[in-house]
Amino acid sequence: MKIGALEAGGTKMVCAIGDENGNIIERISIPTKTPEITVPKIIEFFKAAKIEAIGVGCFGPVDLNRASSQYGYITSTPKLSWRNFDIVGNLKRELNVPIGFDTDVNASALGEATYGITKGLDVSIYITIGTGVGVGVFINGQLLHGMLHPEAGHILVVRHEEETFEGICPYHKNCFEGLASGPAIGKRYGKSADELSACNNVWKLEAYYIAQALYNYTCMFSPNKIVLGGGVMQQKQLYPLIREEFKKIMNGYIDTREVRDLENYIVAPTLNDNQGILGCLELGRREV
């Protein structure tokens with residue numbers, strides 16, 4: 001099969017052509033401007049390829065409820081020109097092929113579960129920590145949906161006793177995203193993550209918040225493995241700090257083979273930054 005993959009991000013739209021076995025044949029990147037500018041370029045690319053299906057992993061929030069009148073819409077995004085935009089409907093009208101649709105982080109979770117480090121596991125979680133914090137949950141062969149996709153980047157965490165930063169989330173003063181996302185780091189210190197890479201105290205505080213979140217996800221979902229991706233996790237020194245803090249918080253409560261081996265429980269992505277595109281290909285294949 002010839003399947004299209006659209007990884008629709010807030011900065012760029014990655015469009016690719018592949019097959020049902022995860023082979024990527026062609027790929028382009030289109031800047032995310034307004035729908036009027038960006039969408040025709042996306043459609044032109046996929047029309048020329050004569051695809052048989054397409055999978056879309058999209059920035060959000062998005063409506064994934066097929067019974068909803070707004071299924072396939074980008075909803076209350078801060079990117080105002082994309083707010084309440086019917087991305088699936090517009091693609092469907094022009095391409096007339098089956099369209100698999102999910103969040104961008106769910107697509108990455110699916111990519112790893114289909115081709116990567118979580119393949120064959122009953123339950124896995126993919127977390128991206130970057131401009132925001134997104135969480136994709138893969139359970140028994142399916143991505144977790146409910147009334148909405150998980151918004152687990154907004155779970156509440158306990159502030160560090162020395163924390164003076166108020167957080168950047170306009171809704172919650174002490175949520176994971178508001179205290180530990182890339183922009184939170186930038187606002188707290190007045191420097192980017194890359195500029196702070198040698199500052200151990202910065203990453204110990206970051207690990208403190210990430211580990212709390214992972215503890216909560218472990219207790220809630222009982223994952224066989226947790227994958228940490230996104231721009232902040234390019235700071236590789238974070239992984240051992242997170243594992244150390246996670247072990248301290250867990251305090252022996254959950255004692256499984258997986259949790260006793262944290263180097264293989266809390267891990268980095270494995271697909272050379274292709275997990276999102278490969279997940280989109282799988283969304284398209286599953287829709288067929």
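Here's a quick tour of three helix pairings, one pocket and two backbone oddities in this structure. Keep in mind that the model is predicted. Helix H9 is a good one to keep an eye on, since H9 packs against helix H3 and also gives residues to the lining of the second largest pocket.

**H3 and H9**
- Helix H3 covers residues 104-115, and its axis lies 7 Å from that of H9, at an angle of about 85°.
- That angle makes H3 roughly perpendicular to H9, because anything from 65 to 115 degrees counts that way.
- On the H3 side, the contact uses Ala-107, Ser-108, Leu-110, Gly-111, Glu-112, Thr-114 and Tyr-115.
- Facing them from H9 are Gln-275, Gly-276, Leu-278, Gly-279, Cys-280, Glu-282, Leu-283 and Arg-286.
- Sorted by class, the contact of H3 with H9 has 6 nonpolar, 6 polar and 3 charged residues.

**The second largest pocket**
- This pocket has a volume of about 280 Å³.
- Its lining is made of 13 residues, and the ones nearest its centre are Arg-66, Phe-101, Asp-102, His-145 and Leu-283.
- Leu-283 turns up twice in this tour: besides lying among those nearest the pocket centre, Leu-283 is one of the H9 residues that meet H3.
- Which elements give two or more residues to the lining? They are strand S7 (99-103), strand S10 (142-143) and helix H9 (275-287).
- By class, the lining splits into 6 nonpolar, 3 polar and 4 charged residues.

**H1 and H2**
- Helix H1 runs over residues 35-49 and helix H2 over residues 87-95; their axes come within 10 Å and cross at roughly 40°.
- The two helices are therefore oblique to each other.
- The crossing of H1 past H2 is right-handed.
- H1 brings Ile-42, Ile-43, Phe-46 and Lys-47 to the contact, while H2 brings Asn-90, Leu-91, Glu-94 and Leu-95.
- Those residues come out as 5 nonpolar, 1 polar and 2 charged.

**H5 and H6**
- Helix H5 (residues 182-189) packs with helix H6 (residues 200-221) at an angle of about 140°, and the axes are 12 Å apart.
- So H5 is oblique to H6, given that an angle has to be over 145 degrees to count as roughly antiparallel.
- H5, too, goes past its partner H6 in a right-handed crossing.
- From H5, the residues Ile-185, Arg-188 and Tyr-189 meet Val-202, Trp-203, Leu-205, Glu-206 and Tyr-209 of H6.
- There are no polar residues in this contact, just 6 nonpolar and 2 charged.

**Backbone oddities**
- Where does the cis peptide bond sit? It joins Gly-60 and Pro-61, with omega at about 5°.
- You'll find Pro-61 in the loop between strand S4 (53-58) and strand S5 (73-74).
- Asn-84 isn't a glycine, yet has a positive phi of about 60°.
- Look for Asn-84 in the loop that runs between S5 and strand S6 (85-86).

Technical notes:
Residues are numbered from 1 along each chain as its sequence is written. This is a predicted model: local features need pLDDT of at least 70, side-chain atom pairs count only at pLDDT 80 or more; totals for chains, interfaces and linings use all residues. Side-chain values use heavy atoms; hydrogens and water are left out. Axes are lines fitted to C-alpha atoms, for helices over the stretch in contact, and angles run from 0 to 180 degrees between N-to-C directions. Helices (H or I, at least four residues) and strands (E, at least two) are DSSP runs, numbered from the N terminus. Angles under 35 degrees count as roughly parallel, over 145 as roughly antiparallel, 65 to 115 as roughly perpendicular and the rest as oblique. A crossing is left-handed if the near helix is turned anticlockwise from the far one by less than a right angle, and right-handed if clockwise. Contact means heavy atoms within 4.5 Å. Ala, Val, Leu, Ile, Met, Phe, Trp, Tyr, Cys and Pro count as nonpolar, Asp, Glu, Lys and Arg as charged, and the others, Gly among them, as polar. On a 1 Å grid over the protein atoms alone, a cavity is a set of points where a 1.4 Å probe fits but cannot get out, and a pocket is an open set with protein on both sides within 12 Å along at least five of seven lines; lining residues have an atom within 4 Å of a point. Grid points are joined across faces, edges and corners, and a volume is the space filled by probe spheres set on the points.
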